[in-house]
Amino acid sequence: MASSKGYLEYIMDQLSVLDDISSRAMMGEYIIYYRGKVIGGIYDDRFLVKPVKSAVNMMPDAEMELPYEGAKEMLLVDDVENREFLKELVEAMYAELPAPKKKKK
């Protein structure tokens with residue numbers, strides 16, 4: 001099941017308090033970027049983030065879910081209504097995320 005554009009728009013609106021937040025469509029789902037780094041994505045109308053230490057600490061009871069078959073598990077963000085929590089979560093995760101890979105020319 002692909003994610004709906006409406007759910008993506010809702011999550012992006014919730015994250016709009018952050019500067020330099022963006023998304024990109026990928027095979028019916030959406031990858032979410034913060035300052036050029038992948039923080040997670042929208043998969044089957046679920047907001048999932050990478051399970052970096054800060055995210056695990058901020059959401060100790062979060063479910064680990066597969067975004068799609070064959071992928072690594074990610075953390076399900078349940079509290080998508082709380083903009084302040086989402087802002088703190090993404091900002092805390094940023095330092096732990098790998099730098100974007102350089103594209104080969």
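**Sheet, cores and pockets of the predicted model**

Strand β3 is mostly covered, with 6 of its 7 residues buried. This description, like those that follow, refers to a predicted model. Strand β2 is likewise mostly covered, and here 6 of the 6 residues are buried. Within β2, the residues Glu29, Ile31 and Tyr33 point one way, whereas Tyr30, Ile32 and Tyr34 point the other way, and all of them are buried. In a regular strand the side chains alternate between the two faces of the sheet.

Both strands belong to an open sheet of 6 strands, arranged in the order β1-β2-β3-β4-β6-β5, in which the pairing is antiparallel. The edges of this sheet are occupied by β1 and β5 (64-65), each of which has a single partner strand, so one side of each is left without a neighbour in the sheet.

The pairing can be followed from β1 onwards. Strands β1 and β2 run antiparallel and are joined by 6 bridges, and the bridge partner of Arg24 in β2 is Ile31. These two strands form a hairpin with 2 residues between them, in which Met27 takes a positive phi near 50°. Strand β2 is in turn joined to β3 by 5 bridges, again in the antiparallel sense. Along this pairing Ile32 stands opposite Gly40 in β3, while Tyr30 has Ile42 of β3 as its bridge partner. The connection between β2 and β3 is also a hairpin with 2 residues between the strands, and Arg35 in the turn has a positive phi of about 50°.

Further along the sheet, 4 bridges join β3 to β4, and these strands run antiparallel. They too form a hairpin with 2 residues between them, where Asp44 in the turn has a positive phi of about 50°. Strand β4, residues 46-49, pairs in addition with strand β6, residues 74-76, in the antiparallel sense and over 2 bridges. Leu48 takes part in both of these pairings, since it stands opposite Gly41 of β3 and opposite Leu76 in β6.

The largest nonpolar core comprises 26 residues, of which Leu15, Ile32, Ile39, Phe47 and Val77 touch the most other members. The elements that contribute two or more residues to this core are α1 (5-14), β2, β3, β4 and α3 (83-94), and the greatest contribution, 5 residues, is made by α3. Leaving aside its neighbours within four places in sequence, Leu15 is in contact with Ile21, Ile32, Phe47, Leu86 and Val90. Apart from this core lies another, of 6 residues, among them Ile31, Tyr33, Tyr43 and Met74. Ile31 and Tyr33, which belong to this smaller set, point one way from β2, whereas Ile32 points the other way and is a member of the largest core. In soluble globular proteins, nonpolar side chains tend to be buried together.

Two pockets were also examined. The largest has a volume of about 470 Å³, and of the 16 residues that line it, Ile31, Val38, Tyr43, Tyr68 and Met74 are the closest to its centre. Two or more residues of this lining come from each of β2 (29-34) and β3 (37-43). By class, the lining of the largest pocket is made up of 11 nonpolar, 1 polar and 4 charged residues. Ile31, Tyr43 and Met74, which lie among the residues closest to the centre of this pocket, are also members of the core of 6 residues.

The second largest pocket encloses about 300 Å³ of space. It is lined by 13 residues, and those closest to its centre are Tyr33, Gly36, Val38, Pro100 and Lys101. Strands β1 (21-26) and β3 each supply at least two residues of this lining, which by class has 6 nonpolar, 1 polar and 6 charged residues. Val38 is named among the residues closest to the centre of the largest pocket and again among those closest to the centre of the second largest pocket. Tyr33, a further residue close to the centre of the second largest pocket, belongs to the core of 6 residues.

Note on methods. Residues numbered from 1 in each chain as written. Predicted model: local features only at pLDDT ≥ 70, side-chain atom pairs only at ≥ 80, totals over all residues. Heavy atoms only, no water. 1 Å grid on protein atoms, 1.4 Å probe; cavity = no way out; pocket = protein on both sides within 12 Å on 5 of 7 lines; lining within 4 Å. Points joined across faces, edges and corners; volume = space filled by probe spheres on them. Nonpolar A, V, L, I, M, F, W, Y, C, P; charged D, E, K, R; others polar. Pairing = 2+ DSSP bridges. Core = buried A, V, L, I, M, F, W, Y, C linked by side-chain atoms within 4.5 Å. Buried < 20%, exposed > 50% of the residue type's maximum accessible area, 1.4 Å probe, protein only. Contact = heavy atoms within 4.5 Å.
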